[in-house]
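Dear colleague,

Here is the structure I said I would pass on. My notes follow below it.

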Amino acid sequence: MDRREALSRVALILGGTVIGANIFLEGCKPADKKVMTGLDFQPEDIAYLDEIADTILPTTAASPGAKAAAVGTFMTVMVKDSYEEKDQKIFTEGMQKLQTACKKKNDKDFMACTPQQRHALLVDLDKEQKDYGKGKKKEDPEHYFRMMKELTLLGYFTSEIGSTKALRYVESPGKYDGCVPYKKGDKAWAT
Amino acid sequence: MADNVYDAIVVGSGISGGWAAKELTEKGLKVLLLERGRNLEHVKDYVNATKGLWEFPHRGGRTQEMINNYPVLKRDYPLNETNLDFWVNDKDCPYTEKKRFDWYRGYQVGGRSLMWGRQSYRWSPMDFEANAKDGIAIDWPLRYNEVAPWYDYVEKFAGISGNKDGLPQLPDGQFLPPMEMNCVEKDVAARIKSHFKGQRLMTIGRVANITVAHQGRTACQYRNKCWLGCPFGAYFSTQSSTLPAAMKTGNLTLRPFSIVKKVLYDKDKKRATGVEVLDAETNQTYEFKSKIVFLCASSFNSTWVLFNSATDVWPGGLGSSSGELGHNVMDHHFRCGAGGTVEGFDDKYFYGRRANGIYIPRFRNVNGDKRDYIRGFGYQGGASRQGWKRDVAEMSIGGEYKDALTEPGDWTIGMTAFGEILPYHENSISLDKDKKDKWGLPVLSMDCEIKANETKMRKDMMEDAKEMLEAAGVKNVSTYDNLYTMGMGIHEMGTARMGKDPKTSVLNRNNQVWDAPNVFVTDGACMVSAACQNPSLTYMALTARAAEFAVNELKKQNI
């Protein structure tokens with residue numbers, strides 16, 4: 001992404017936040033605090049995040065889901081390396097909160113739930129984060145489920161599976177055609 | 001010839017230095033090209049050029065470690081995971097900000113020619129006459145007709161694709177076939193043209209990407225990964241273009257890791273005799289001798305070298321006798337404009353990733369238009385269809401949501417204005433001798449800001465964009481001003497301006513330092529005003545022009 005592209009992204013921000021774009025463009029906050037190193041995600045954490053991601057973006061007839069693209073692992077990498085300490089805390093506490101919400105709603109662990117139960121829970125949480133976002137001031141803390149959703153979208157659609165199976169990707173297009181026919185159902189270009 | 005003696009020394013290997021090296025070697029001079037950073041070989045060292053985003057652990061984004069390590073770069077888009085090695089290490093190379101100044105540098109062979117935006121526009125007769133007409137700063141010592149043949153010359157070699165638009169404020173050049181506007185851009189362009197009766201024009205960007213094979217280089221493959229280095233050599237850079245030409249002559253010696261500390265000056269002969277170099281790896285100091293020196297180290301670093309040279313004669317450095325060395329810093333102010341959505345093209349898409357956008361040439365304060373500020377601005381932008389980052393408001397999560405995001409969304413169009421900044425004497429850089437870089441060398445201190453003329457212009461920069469988009473039928477048009485700080489344009493100019501009078505300028509009309517005529521400064525430092533066009537093409541033209549002049553003067557034994 002060079003400047004021209006950075007600018008065109010600005011143009012895309014119309015009447016809504018661009019999910020996932022903040023890590024590209026909003027690194028301007030002072031971040032002199034030590035990077036947190038105590039984030040020790042275990043294989044079961046990754047499996048749990050994989051299932052959350054796969055509930056947000058499941059396998060469909062058209063393409064594999066987020067778990068196939070290893071989005072759980074991607075989330076842990078981003079939280080460890082790219083998040084500020086306060087956001088790391090929100091995310092890890094959010095993993096607990098999601099579990100608590102699940103027990104309250106379904107009376108069992110998220111991992112033990114059926115896909116339908118998981119879906120219903122995350123629909124609730126997505127509504128919760130959207131409602132929270134409406135009254136949110138810029139300096140207010142982010143909602144943990146928004147983080148999970150953003151990271152899932154970013155992780156999936158920039159993965160090899162997301163780029164080449166869910167979207168279309170041609171490494172070297174060789175030409176530019178500014179006007180080709182499009183019919184509903186044709187996939188978007190990756191990047 | 002002894003090992004350390006050359007006909008010419010060129011300091012800096014970016015766009016200007018690459019051109020100086022090419023021109024001087026092709027005219028038969030033995031040239032030493034000095035670069036303060038590492039060598040970076042064409043193709044071989046473009047290590048990320050063919051990677052998919054998924055091959056980057058953070059998918060091209062930034063980590064907290066990067067943010068901590070790059071206190072300047074993090075301020076805008078340059079800090080990213082894909083070409084981090086092309087940008088300067090901010091901590092090794094600090095500077096002082098009396099006022100905030102964003103300085104985005106590339107210290108390696110090729111300099112910023114590797115990552116530049118490649119937009120390439122001529123200046124017009126109006127731009128060279130502007131200072132005289134407005135009675136500000138000093139007049140350019142040159143006029144368009146003197147530079148035009150050199151624009152022709154550098155365009156033919158560099159390869160600029162573009163459309164001939166026949167505008168007096170943006171002269172046409174020696175273009176390769178233009179890239180194509182997409183269907184939405186064509187529609188918006190037609191509506192703007194008709195609504196404003198031809199007084200405003202949207203055209204395709206003129207860009208240093210070659211649209212057909214050119215000079216042994218492969219045509220653009222529309223990958224839009226230019227700033228990772230192009231394995232096809234499809235855009236102009238030192239590596240793809242000027243360096244191989246200079247190497248071919250057998251007259252070039254390239255020395256990376258060579259920080260030029262000063263120009264060596266013989267006060268009896270009133271001539272430079274060479275340069276003193278600090279080896280960035282060994283910290284050893286060397287002297288290299290030459291008949292002429294070309295300073296092409298980027299605007300501020302060329303002036304830094306002058307500040308540190310001949311201080312026994314002039315305490316302010318070589319070229320400081322006018323009192324203008326370090327002054328009149330310019331850039332282009334931008335980051336404001338407008339965008340919106342376009343309806344009626346849902347059955348249209350595009351193929352390929354075009355590394356170029358649209359351009360709207362300046363229309364303010366030209367053709368009889370008169371505003372409450374002087375000079376003007378142009379727009380860059382483009383239309384595209386939204387991808388997965390759009391919010392699908394009515395959907396939450398799940399399979400339908402996912403499949404919806406795999407389809408393109410609405411067409412959007414946006415434009416950002418790039419405006420002229422006037423040359424204010426008080427906008428200046430100086431040496432901060434209390435702060436040292438990694439090599440113990442004094443650093444620069446920046447004291448620059450935009451003023452009333454620019455602030456007034458910014459209102460039009462937003463509102464005119466809105467007006468044009470709305471006139472073109474674009475919906476949901478919103479304006480934005482993401483605020484601008486000097487330097488963000490990465491078009492820093494001035495600090496050693498040309499002129500007609502040694503009392504008010506550092507360089508004469510041939511880019512010679514008045515106080516040392518065998519020293520030439522041909523990068524952005526020489527600029528007398530900034531216009532609103534991207535400046536690199538003008539540096540190329542002025543460098544090639546000065547190189548020919550220098551060689552002729554050498555032949556005549558005038559220098």
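To begin inside chain B: B:I429 has B:M446 in β17(B) as its bridge partner. Please keep in mind that the model is predicted. The strands concerned, β16(B) and β17 (residues 442-447) of chain B, run antiparallel and are joined by six bridges. They belong to an open sheet of three strands in chain B, ordered β3-β17-β16, in which the pairing is mixed. Its edge strands, each paired on one side only, are β3 (96-97) and β16 (428-436) of chain B.

β16 and β17 of chain B come up again in the packing of helix α7 (residues 299-307) of chain B. The buried residues of α7(B) pack against both of these strands, and also against β1 (5-11), β8 (258-266), β10 (285-295) and β20 (516-521) of chain B. The helix is mostly covered, with nine of its nine residues buried; among them are B:F300, B:W304, B:L306 and B:F307.

Now the contact between the chains. On chain B, 69 residues are in contact with 67 residues of chain A. Elements of chain B that give two or more residues to this side are α2 (64-69), β11 (332-342), β12 (348-351), β14 (377-385), α8 (399-405), β15 (411-420) and β18 (475-481). By type, the residues on the side of chain B that touches chain A are 21 nonpolar, 32 polar and 16 charged.

Strand pairing also crosses between the chains. Strand β1 (residues 177-181) of chain A and β12(B) run antiparallel, joined by three bridges. Within this pairing, A:V180 stands opposite B:Y349.

Regards

Terms used. Residues are numbered from 1 along each chain as its sequence is written. Chains are lettered from A and ligands numbered from 1 in the order in which they are written. This is a predicted model: local features need pLDDT of at least 70, side-chain atom pairs count only at pLDDT 80 or more; totals for chains, interfaces and linings use all residues. Two residues are in contact if their C-beta atoms, placed from the backbone, lie within 7 Å. Helices (H or I, at least four residues) and strands (E, at least two) are DSSP runs, numbered from the N terminus. Ala, Val, Leu, Ile, Met, Phe, Trp, Tyr, Cys and Pro count as nonpolar, Asp, Glu, Lys and Arg as charged, and the others, Gly among them, as polar. Two strands pair if DSSP finds at least two bridges between them. A residue is buried if 20 or more other C-beta atoms lie within 10 Å of its own, exposed if 12 or fewer, and partly exposed in between; C-beta atoms are placed from the backbone.
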